[in-house]
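Reader: I have just opened this structure and would like some help in reading it. Could you walk me through a few features?

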Amino acid sequence: MNRLANETSPYLQQHADNPVDWYPWGDEAFTKAKAEDKPVLLSVGYSACHWCHVMAHESFEDEATAAIMNDLFVNIKVDREERPDVDEIYMQAVQMMTGHGGWPMTVFLTPEGKPFYGGTYFPREARYGMPSFQQVLEGVIDAYRNRRPQLEKMANELSGSLQREKLAIGGTPDDLNAELLTAAASKLTAAFDKQYGGFGGAPKFPQPMNLEFLLREYQRTGSAELLDMVTFTLQKMARGGMYDQLGGGFHRYSVDAIWLVPHFEKMLYDNAQLSRVYLHAYQITGEAFYRTIAEEIYDYVLREMTSADGGFYSATDADSEGEEGKFFVWSKAELDDLLGDDARIAVEYWGVSARGNFEGHNILFVPNDEAVAAERLGLSVADLRAKLALIKDKLFAARTQRVHPGLDDKILTAWNGLMLASLSEAARVLDRRTTASPLNATRPSCAITC
């Protein structure tokens with residue numbers, strides 16, 4: 001019997017019809033595991049996670065896989081956003097075991113809750129150098145039944161390491177000094193991608209806290225290099241496909257190093273932090289570009305992520321109609337049909353081609369500066385901007401007719417705090433108030449208006 005039907009989490013609700021005998025996190029599951037001497041299979045994810053959906057379709061909706069899970073394990077499903085405490089503990093365990101982490105997270109526990117094996121996504125069939133999920137299940141139960149002493153020793157050692165990790169609270173107050181800040185900035189400088197911005201290679205995350213830190217270090221030291229790193233990154237991100245060129249707001253991360261192809265979920269906490277970084281870049285540089293991106297993020301959040309009661313929702317999915325990114329991508333033929341003669345402007349400005357840049361379709365991005373695009377189109381920059389405003393409105397209106405990605409309507413206090421802090425700061429910096437009814441807007445030019 002699946003026990004998730006009465007849960008309030010949208011993620012758990014997504015799994016309420018699985019043939020898996022899911023339990024929510026709690027004493028009932030562990031009591032059953034102890035009574036029947038079964039290991040616990042803990043699956044952690046969140047509603048907007050693309051690979052969580054993939055594993056659900058491949059394995060948790062599969063009758064044969066579910067039968068193995070139900071026969072051999074006590075199965076617990078957790079929403080990482082509802083129980084970040086549970087997620088944090090077992091994510092540390094998976095990282096200790098494998099050297100990396102992510103979601104969906106799959107962890108096998110003793111009936112006492114001690115982890116002994118784990119990973120992230122496991123495919124239905126063996127591929128990508130990974131065993132199939134059914135092979136994992138069979139291997140785990142074999143170890144649990146036939147190598148129990150070694151398994152329990154491993155679980156105890158790992159649990160001990162987790163306890164020591166939680167108790168390791170750092171050094172003394174004297175360790176917090178200017179040299180520490182300089183060393184941190186130096187490490188970020190060494191990891192900086194001079195060609196595309198950001199830090200490291202693919203997959204590439206926006207890392208707003210690192211950008212915020214570098215802005216503060218620029219204020220402290222006056223280092224032009226640090227400011228250039230931030231502004232270059234902010235420009236590359238906002239011109240890439242990771243940014244929603246029509247509706248505003250950032251997708252969670254880019255699967256490549258050039259900010260082009262994202263995983264298409266949008267998270268409140270990312271956009272809360274990124275809006276603030278762009279706002280601060282505008283304060284420091286005075287350049288309107290950063291203000292525009294910040295305002296477009298606020299527009300998106302107030303329009304699409306705000307409840308009738310005023311709280312902010314958590315996330316939207318990457319998928320719609322069973323396909324990742326389908327809501328956001330375009331074909332050249334669609335633009336031609338919708339825009340007529342103005343399609344040439346959209347094609348030039350957003351790098352659109354008949355071949356596409358994502359599975360035969362186009363993720364809109366900005367490959368060139370406005371001046372370059374305007375020159376190629378035989379327009380002034382002012383005329384290009386005016387035409388783009390009309391084109392964006394037309395494409396946005398057409399997009400609203402599509403099947404929207406799923407909405408995770410949880411309202412989380414911490415994430416709401418991040419968004420409220422950014423909006424409050426924006427109201428002061430821009431000397432503006434929010435509109436009375438942003439939810440009624442279709443695509444306002446700026447939801448923070450006089």
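Author: We will go through a sheet, a cavity, a pocket and a buried residue in turn. Please keep in mind that this is a predicted model.

Reader: Let's begin with the sheet. In what order do its strands lie?

Author: The order in space need not be read off from the numbering, so follow the pairing from strand to strand. Here an open sheet of 5 strands runs β1-β3-β2-β4-β5, and its pairing is mixed. At the edges are β1 (22–23) and β5, each of which pairs on one side only.

Reader: In which sense do β4 and β5 pair?

Author: They are antiparallel: strand β4, residues 105–109, joins β5 over 4 bridges. To find the place by eye, look for Thr106, which stands opposite Gly119 in β5.

Reader: Which helix lies across these strands?

Author: That is α5, residues 84–98. Helix α5 lies across β2 (40–45), β3 (74–79), β4 and β5, and runs at about 80° to β5.

Reader: Now for empty space. How is it found?

Author: A probe the size of a water molecule is rolled over the atoms, and this shows where empty space is left. In this structure there is 1 cavity of 30 Å³ or more. The largest cavity has a volume of about 80 Å³.

Reader: Which residues line the largest cavity?

Author: Among them are Tyr243, Phe264, Phe328, Trp330, Asp244 and Arg399. By class, the lining of the largest cavity divides into 7 nonpolar, 3 polar and 2 charged residues.

Reader: And how much space lies in the second largest pocket?

Author: The second largest pocket holds about 450 Å³ of space. Its lining has 22 residues, and those nearest the centre are Trp51, Gly101, Gly102, Trp103 and Thr120. The classes in this lining are 11 nonpolar, 9 polar and 2 charged.

Reader: Which helix and strand each supply at least two residues of that lining?

Author: Helix α3 (50–60) and strand β5 (115–119) do. You have met β5 already, as an edge strand of the sheet.

Reader: One last residue, please. Is Arg291 buried or exposed?

Author: Compare its relative accessible area with the cut-off: buried means under 20%. Arg291 has 18%, so Arg291 counts as buried. You will find Arg291 in helix α12, residues 288–304.

Reader: What does Arg291 touch, not counting residues up to four places away in sequence?

Author: With those set aside, Arg291 touches Tyr282, Leu430 and Arg432.

Conventions:
Residues are numbered from 1 along each chain as its sequence is written. This is a predicted model: local features need pLDDT of at least 70, side-chain atom pairs count only at pLDDT 80 or more; totals for chains, interfaces and linings use all residues. Side-chain values use heavy atoms; hydrogens and water are left out. On a 1 Å grid over the protein atoms alone, a cavity is a set of points where a 1.4 Å probe fits but cannot get out, and a pocket is an open set with protein on both sides within 12 Å along at least five of seven lines; lining residues have an atom within 4 Å of a point. Grid points are joined across faces, edges and corners, and a volume is the space filled by probe spheres set on the points. Ala, Val, Leu, Ile, Met, Phe, Trp, Tyr, Cys and Pro count as nonpolar, Asp, Glu, Lys and Arg as charged, and the others, Gly among them, as polar. Buried means under 20% relative accessible area, exposed over 50%, partly exposed in between (1.4 Å probe, protein chains only). Contact means heavy atoms within 4.5 Å. Two strands pair if DSSP finds at least two bridges between them. Axes are lines fitted to C-alpha atoms, for helices over the stretch in contact, and angles run from 0 to 180 degrees between N-to-C directions.
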